[in-house]
Every structure is written in structure tokens, then in C-alpha cells.
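Thanks for asking me to look this one over. My comments follow as numbered points, to be read with the structure open beside them.

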Amino acid sequence: KMAALVDNDLIEKDLPKCVQLLNALTEQVAAVTAHVRELLRQVKDGAFQTSKGLSFLDLRYHLLLFYLQDLTHLISIKAEGQKIKDSDALNRIVTVRTVLEKMRPIDHKLKYQIDKLVRTAVTGALAEDDPLQLRPNPENLISKLSESEESEAEEQAEKKAAPSGGRKYIPPKIAPVHYDGDMTDADRKKAQAERQRRAALRSSVIQELRQQYSDAPEEIREKRDFQTERDSREELHRKNYEESMMVRLSVPKRAKNARKRGVMSMSHQLGAITHFGDITALTGGEAGISQPQKKKKVMKKKTKRKAFRKHK
């Protein structure tokens, strides 16, 4: 009895709200039915052209219609107090829902195109900010000159395009140079003094003074030149081979040039032992500017080749 009283109380409490919702549903169904019938009548009369529509929208609307039909069928089964476990509509509604979820990214990509087509169909013209307003106008490609004027213009263009003298144009080869036209004399002197100061800080005298009076521990590094060691091993191997086989191997030109560069670098290092660098830029003096020496051109005398005279 207590359960029956509770159920009756719930029914009496929810009954007015349920009746109100059913009345609203009935009114909405009637309005939708009238609207759909009006659309069907207009389509049959040819008011809307549906032959050139988007097949994607047709598929989506048909799937939505099938989904609503199966959903209504399931609601009617539940309203009659029956079970929907063995109903075929349940499997169909799950399948349609899955297909609609898969179609959502495509619908999102086509949203701009669909909205533009609908807006154009309603207003009859494109919007002012539409990108299609900036498309090229084919009418501008039509020449506004007569045939005689066009032929004269073509002849003048051909004369201008023809190279003078029939010679090929060769652009001048100019080496790229840093532009310093905006710099004043004071800026140039300041930049030169800064370069001299950095060069003085990198000199051997400053490096030795820094190592002598610095509190940091002295670092002893063993420098190994792997390229020099490999060249020495190759030279020793070649010498042993020549002495054992009693033959003289030819030395490539590249190896000769590399050996010459090594000798020159060694002589330069020996000459730099007594050079400690110019540090006058740090003491306030003017550092000497070493200008590159110009190479003297040696004029070679043209000598005529002596030919043997043919004796008669």
C-alpha cells in the first residue's frame, strides 16, 4: 500500500508537466508537418531546382530522416511497455549514428561552401568581402585597339626587343663590397680603433701576462696534428718502398703543393717567434697600420722563336 501511495504521488506530481510536454510536442509536430507539406508542394511545382544539389546533403538528410523514424519507433515501443532489446530498429539507429559521426569532419569542411551557395541563392549576388569578387575579369583581356594599331605596336615591340648589333649581352662581373657610405670619418676611426684593440688583446704578450698574473691553474695541453702525422707516415712508407724496390715514385702535384705550403707555414712560425704583437692600442698610442704591399708587375720580353733556315 505504501508503494502504491508513493507511485500515485509521483504520478500526480509529474502528470501536469507530462501533459504540457505532450501538448507542446503535438503542436510542434503539426507545425513541422505543415511546413514539410508546403516544401513538398513547391518542389513538385518546380519552384526549387533540386537536380543540381549536393549529393552529400541528400545523403545526410536521408540518414537523419531514417534516424528520426527509428527513434520514433523505439519511443512508441517503450510507451507500450515492451522491450526494445530484440528490435531491429536499435541496430539501425546505432549504424546511422555511427555514419553521421563519421560524416561530421566532411560537413565541417563543406560548411563555408554550403553557406556561400545558400547566401548567393537567397540574395542573388556575392558578398562584398567574398574572395570571388577579386577574380580576374575575362573582358579585360580583349584588346581595345584596332588591327592596324595592334600590328604597329607589335612591330615597335620587336624592334625594341632586337639586340643592337646582334651581340649577346654579358652583365658586368662586380665583386660584392661592404657598403659603408653612411659612415662618417669619426665612425670609421672608431671602428678601426676597436679592431686594433681586439687584435692587441689577442696578442701573445697579453696572453702570457694573463696566464702569469691569473689565479687560475695553468693548463698544459698536448696538441696533436693528425694530418701531419698521417703525411709523415705516408712519406716514410713511400721512402721505404722506393729504397726496397729500387724505383722512384712520382709525386702528384697536389702533394707537392701541400708540402710547399707546410714549409712556408713552418718558416712563418719561426719568424713569428720574435714578434709579440702591437699593443699600442691599449696604451693610448696610435697603432701602426700595415698596408698591403703591391706586387710589382714584371714585364716579360717577347722573344721571337728562331727557326732553322732551309738551305737550298
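1. A term before anything else: a residue is called buried when its relative accessible area is under 20%, exposed when it is over 50%, and partly exposed in between. Ser-87, at 13%, is therefore buried. Please also keep in mind that this is a predicted model.

2. Staying with Ser-87, this residue sits in the loop that connects helix 2 and helix 3. Its side chain comes to 3.3 Å from the backbone nitrogen of Ala-89. Setting aside neighbours within four places in sequence, Ser-87 is in contact with His-73, Leu-74 and Ile-77.

3. Now the overall layout. The chain holds ten helices and zero strands, so a reader going by the DSSP runs will find helices as the elements throughout. Of the 312 residues, 7% are buried. The accessible surface of the chain is about 30,900 Å², and carbon and sulfur atoms account for 57% of that area. Looking at contacts between residues at least 6 apart in sequence, 45% join residues at least 24 apart.

4. Which residues make up the largest nonpolar core? There are eleven: Phe-56, Leu-57, Leu-63, Tyr-67, Leu-74, Ala-89, Ile-93, Val-96, Leu-100, Met-103 and Ile-114. Helix 2 (55–79) and helix 3 (88–109) are the elements that give two or more residues to this core. Two of its members have already come up with Ser-87: Leu-74 as a contact and Ala-89 through its backbone nitrogen. Another member, Phe-56, touches Met-103, Ile-106, Asp-107 and Leu-110, with residues up to four places away in sequence not counted.

5. On to charged side chains. Side chains of opposite charge can pair when their charged atoms come close. The count of salt bridges comes to 13. One of them joins Arg-104 to Glu-101, with the closest N and O atoms 3.2 Å apart. These two residues are three apart in helix 3, so about one helical turn separates them. Arg-104 is exposed at 52% relative accessibility, while Glu-101 is partly exposed at 34%.

6. Helix 6 (residues 185–201) holds a pair with the spacing of three residues, about one turn of the helix: Glu-194 and Arg-197. Their salt bridge has its closest N and O atoms 2.9 Å apart. Glu-194 has a relative accessible area of 32% and is partly exposed; Arg-197, at 34%, is partly exposed too.

7. Is each partner of the Glu-242 and Arg-248 salt bridge buried or exposed? Glu-242 is buried, because its relative accessible area is 10%, whereas Arg-248 is exposed at 71%. Their side chains meet at 3.2 Å, N to O. Both residues belong to a network of salt bridges that also links Glu-235 and Arg-238.

8. Finally, a nonpolar feature on the outside. Tyr-241, Met-245, Val-247 and Leu-249 form a surface patch, and together they have about 340 Å² of accessible area. Tyr-241 is found in helix 8 (residues 226–245). Why can Tyr-241 count towards a patch? Patches take residues with over 30% relative accessible area and no salt bridge, and Tyr-241 is partly exposed at 37%.

Technical notes. Residues numbered from 1 in each chain as written. Predicted model: local features only at pLDDT ≥ 70, side-chain atom pairs only at ≥ 80, totals over all residues. Heavy atoms only, no water. Patch = residues over 30% accessible without salt bridge, like charges linked within 9 Å, V, L, I, M, F, W, Y side chains within 5 Å. Areas by Shrake-Rupley, 256 points an atom, 1.4 Å probe, with all protein chains shown as cover. Salt bridge = Lys/Arg side-chain N within 4 Å of Asp/Glu carboxyl O. Helix = DSSP H or I, 4+ residues; strand = E, 2+ residues; numbered from the N terminus. Buried < 20%, exposed > 50% of the residue type's maximum accessible area, 1.4 Å probe, protein only. Core = buried A, V, L, I, M, F, W, Y, C linked by side-chain atoms within 4.5 Å. Contact = heavy atoms within 4.5 Å. Polar contact = N/O pair within 3.5 Å; in protein donor to acceptor, adjacent residues only side chain to side chain.
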